[in-house]
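Let's take a walk through this fold, from one helix outwards to the whole chain. Keep the viewer open as you read.

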Amino acid sequence: MISSGIGALCRNFVNEFFTKLYTNHFPVATLTVNVIGSLIIGFAAQYLNDNSYSYAIIAIGFCGGFTTFSTHFLEIYERYLLKSYKMMTIYIVSTVILSIGACYLGYHL
């Protein structure tokens, strides 16, 4: 529970950082947390026992609070409503490719 809260706070810091840094309408913050979370969970899956407390704290707690599946889909839907189909497609494809790649990298470090 505590690690999930820490993950959510870290996600908020990333969101605030990118909101100040980028003024465009591409959801860089959500993409970033999902890719970093995929890297961390790939690493945890490879090197931590999935029945251990450390796995629960890092993979389930921290990554569960840090990454955001629901916000990702909200942002996709918002691009759909704005008829920004190109940006929506780029966002979907980049999230899937970069997140799977990050998970693979974390697993094989």
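**Starting from α3**

A good place to start is α3, whose buried residues pack against α1 and α2. Those buried residues are Y55, A59, G61, F62, C63, G65 and F66. Here, buried means under 20% relative accessible area, with exposed over 50% and partly exposed in between (1.4 Å probe, protein chains only). Contact means heavy atoms within 4.5 Å. Helices (H or I, at least four residues) and strands (E, at least two) are DSSP runs, numbered from the N terminus.

A word on the ground rules: this is a predicted model, so local features need pLDDT of at least 70 and side-chain atom pairs count only at pLDDT 80 or more, while totals for chains, interfaces and linings use all residues. Residues are numbered from 1 along each chain as its sequence is written, and side-chain values use heavy atoms, with hydrogens and water left out.

Now zoom out. The protein has five helices and zero strands, so the order from the N terminus reads α-α-α-α-α. Its radius of gyration is 15 Å, close to the 13 Å from the globule rule for 109 residues, so it is as compact as a globular protein of that length. That radius is taken over C-alpha atoms, and the rule is 2.2 Å times the number of residues to the power 0.38. Along the principal axes, the C-alpha atoms fill a box of roughly 45 × 25 × 20 Å. Of the 109 residues, 33% count as buried. Among contacts between residues at least 6 apart in sequence, 70% join residues at least 24 apart.

Next, the aromatic rings. A search of the whole structure finds eight aromatic pairs. The rings of F26 and Y91 have centres 5.6 Å apart and planes at 80°, so this pair is edge-to-face. For the cut-offs, rings of Phe, Tyr and Trp (its six-membered ring) pair if their centres lie within 6.5 Å; planes under 30 degrees apart count as stacked, over 60 as edge-to-face and the rest as tilted. F26 sits in the loop between α1 (2–21) and α2 (28–47) and Y91 in helix α5 (residues 85–107), so the pair ties together parts that are 65 residues apart in sequence. Y91 is buried, at a relative accessible area of 0%. Elsewhere, ring pairs link F17, F18 and Y22 into a cluster.

Staying with Y91, look across to L31, which lies in helix α2. The two are 60 residues apart in sequence, yet 7.9 Å apart in space, C-alpha to C-alpha. L31 is buried, with a relative accessible area of 11%. Leaving aside neighbours within four places in sequence, L31 is in contact with F26, Y91, S94, T95 and L98.

What about T68, in the loop between α3 (53–66) and α4 (69–81)? At 5% relative accessibility, T68 counts as buried. Beyond its neighbours within four places in sequence, T68 is in contact with R11, T30, V33 and N34. A polar contact of 2.8 Å also joins the side chains of T68 and T71. Such a contact is a pair of N or O atoms within 3.5 Å; within protein, one must be able to donate a hydrogen and the other to accept it, and residues adjacent in sequence count only if both atoms are side-chain atoms.
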